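Q: Please take a close look at the pockets and the enclosed space of this structure, and at the aromatic side chains as well. I would like one connected account rather than a list.

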Amino acid sequence: LVSKGQLLFEIYSPTLVGAQEEFLTAQRSENDLLISASAARLAALGVDANEIERLRSEKAIRHRTPVYAESNGIIAHLGVREGIFVTPATEVMSVAELDRVWVMAEVFERQAAWVEAGQSAIVEFDYLPGQQWNGVVDYVYPELDPKTRTLTVRLRFENTSAALRPNMFSRVTIFASGFG
């Protein structure tokens, strides 16, 4: 689990060091246009606003740039290890927010006309007997699966307790509007 603002990792990049040097040079020139362009370059390279402000006030280059979590969540994928060489195409890590989850449900073809976005739904899990989560039909996919002859429906549930995790099996009840 990670919290918003938590340090995730530090990265060394000659490009980031050069961009910081450029920013400090622009500050010394007192040219507002250069300063804003240098700050924009740092932001485009992924340096967050707090780190740019720290550089502005301390006037000290960091050779290792810290990267902080943008939101609360869980590390869903870690694609690197300490000391590894990364490129812009490298997915270093992904943080999944779990405060709201989607549940993908399959509805039989003969019941497809009964389901529409906005309807209420509940979900239950075997590992938490007796507990239910209330949610809503978020999206009804436009096509049936040609093999299973089912319609995929995306349901949205609040998950403030973080009890629901990706790829869990569940029982779903959708309160459909018509049975005709």
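A: What follows goes through the pockets, then the cavity, and then the aromatic rings of this predicted model.

The largest pocket has a volume of about 1,300 Å³, and its lining is made up of 39 residues, with F9, E10, I11, V67 and V92 lying nearest the centre. Several elements contribute to this lining, since β1 (7-12), α1 (14-29), β2 (64-68) and β4 (93-96) each supply at least two residues. Sorted by class, the lining of the largest pocket consists of 21 nonpolar, 10 polar and eight charged residues.

The second largest pocket holds about 390 Å³ of space. It is lined by 18 residues, and those closest to its centre are W102, V103, M104, N167 and M168. Two or more residues of this lining come from each of β5 (100-108) and β9 (171-174), and β5 has the largest share, with five residues. In its composition the lining of the second largest pocket counts 13 nonpolar, two polar and three charged residues. W102, named above as one of the residues closest to the centre of this pocket, also has a charged side chain over its ring, for R154 lies over the face of W102 at 4.0 Å from the ring centre.

Turning to enclosed space, there is one cavity of 30 Å³ or more, and about 50 Å³ of space lies in the largest cavity. Its lining is formed by Q20, L42, V47, E51, I52, R54, L55 and T65, and helix α3 (residues 49-58) gives the most to it, with four residues. By class, the lining of this cavity divides into four nonpolar, two polar and two charged residues.

Among the aromatic side chains, the structure holds three aromatic pairs. One of them joins F125 and Y127 in an edge-to-face arrangement, with 6.2 Å from centre to centre and 65 degrees between the planes. The two partners differ in exposure, because F125 is buried at a relative accessible area of 4%, whereas Y127, at 44%, is partly exposed. F125 also pairs with W133, again edge-to-face, at 5.7 Å centre to centre and 80 degrees between the planes, and in this pair both F125 and W133 are buried. Taken together, F125, Y127 and W133 form one aromatic cluster. A further contact between a charge and a ring involves R110, which lies over the face of F108 at 5.0 Å from the ring centre.

How values were computed:
Residues numbered from 1 in each chain as written. Predicted model: local features only at pLDDT ≥ 70, side-chain atom pairs only at ≥ 80, totals over all residues. Heavy atoms only, no water. 1 Å grid on protein atoms, 1.4 Å probe; cavity = no way out; pocket = protein on both sides within 12 Å on 5 of 7 lines; lining within 4 Å. Points joined across faces, edges and corners; volume = space filled by probe spheres on them. Nonpolar A, V, L, I, M, F, W, Y, C, P; charged D, E, K, R; others polar. Phe/Tyr/Trp six-rings, centres within 6.5 Å; stacked < 30°, edge-to-face > 60°. Buried < 20%, exposed > 50% of the residue type's maximum accessible area, 1.4 Å probe, protein only. Lys NZ or Arg CZ within 6 Å of the ring centre and 35° of its normal.
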